[in-house]
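Work through the exercises below with the sequence and the structure at hand. Each task is followed by a solution in steps.

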Amino acid sequence: MKYDTLCLETFLKKQGQLFDEPVAETPEEARDFLEECMAEVFDTFKEMKRYFQENLDASGMTDQEIREACEVFELPDGRFLVVEG
């Protein structure tokens, strides 16, 4: 999977929502980490929600709770990066 600059910058900036300590300090480290944990990028909330419900425990969660889950990084362009920590 290719992670563009926006994905990498957003992850670097917000990684503290999922991890107690930084797991990456540079875009290259972020790319390596995201590839290693097989992070997914989704174009729409609907696609991300379906993945979240099928692959993570989302039973009983509202759309807002899914958006705010620590594994979900909402990108400024409306896409979603999901990182299973």
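**Exercise 1.** Does Glu74 count as buried, partly exposed or exposed, and at what relative accessibility?

Solution. The model is a predicted one.
Step 1. The cut-offs are under 20% for buried and over 50% for exposed, with partly exposed in between.
Step 2. Glu74 has a relative accessibility of 35% and therefore counts as partly exposed.
Step 3. The side chain of Glu74 meets that of Arg67 in a salt bridge, at 3.2 Å from N to O. Arg67 is partly exposed, at 30%.

**Exercise 2.** Find how many salt bridges the structure holds, and describe the one between Asp4 and Arg79.

Solution.
Step 1. There are four salt bridges in the structure.
Step 2. In the bridge between Asp4 and Arg79, the closest N and O atoms are 2.8 Å apart.
Step 3. Asp4 belongs to the segment before α1 (5-14), and Arg79 to the loop between β2 (72-74) and β3 (80-82), so the pair ties together parts that are 75 residues apart in sequence.
Step 4. Asp4 is partly exposed, with a relative accessible area of 33%, while Arg79 is buried, at 14%.
Step 5. Asp77 joins Asp4 and Arg79 in a network of salt bridges.

**Exercise 3.** State which helices the salt bridge between Asp63 and Lys49 links.

Solution.
Step 1. The side chains of Asp63 and Lys49 meet at 2.6 Å, N to O.
Step 2. Asp63 is in helix α4 (residues 63-67) and Lys49 in helix α3, 14 residues apart.
Step 3. Both ends are partly exposed: Asp63 has a relative accessible area of 36%, and Lys49 has 23%.

**Exercise 4.** Sort the named residues of α2 and α3 into buried and exposed, and explain how the buried ones are placed around each axis.

Solution.
Step 1. The buried residues in α2 include Ala30, Phe33 and Leu34. Because they cover an arc of only 95° around the axis, they are on the same side of α2.
Step 2. Glu28 and Glu36 are exposed on the other side of α2.
Step 3. In helix α3 (residues 45-55), Phe45, Met48, Tyr51 and Phe52 are buried. Their arc is only 130° around the axis, which puts them on the same side of α3.
Step 4. Lys46 and Glu54 are exposed on the other side of α3.

**Exercise 5.** Name the residues of the negative surface patch and place Glu35.

Solution.
Step 1. The patch is formed by Glu25, Glu28, Glu29, Asp32, Glu35 and Glu36.
Step 2. Glu35 is in helix α2 (residues 27-36) and is partly exposed, with a relative accessible area of 39%.

Conventions:
Residues are numbered from 1 along each chain as its sequence is written. This is a predicted model: local features need pLDDT of at least 70, side-chain atom pairs count only at pLDDT 80 or more; totals for chains, interfaces and linings use all residues. Side-chain values use heavy atoms; hydrogens and water are left out. Patches are made of residues with over 30% relative accessible area and no salt bridge: like charges are joined within 9 Å, nonpolar side chains (Val, Leu, Ile, Met, Phe, Trp, Tyr) within 5 Å. Accessible areas come from the Shrake-Rupley method with a 1.4 Å probe; for residues, only the protein chains shown count as cover. Lys and Arg count as positive and Asp and Glu as negative; His and the chain ends are not counted. The place of a charge is taken as NZ of Lys, CZ of Arg, CG of Asp or CD of Glu. Helices (H or I, at least four residues) and strands (E, at least two) are DSSP runs, numbered from the N terminus. Buried means under 20% relative accessible area, exposed over 50%, partly exposed in between (1.4 Å probe, protein chains only). The arc is that of the directions from the helix axis to the C-beta atoms.
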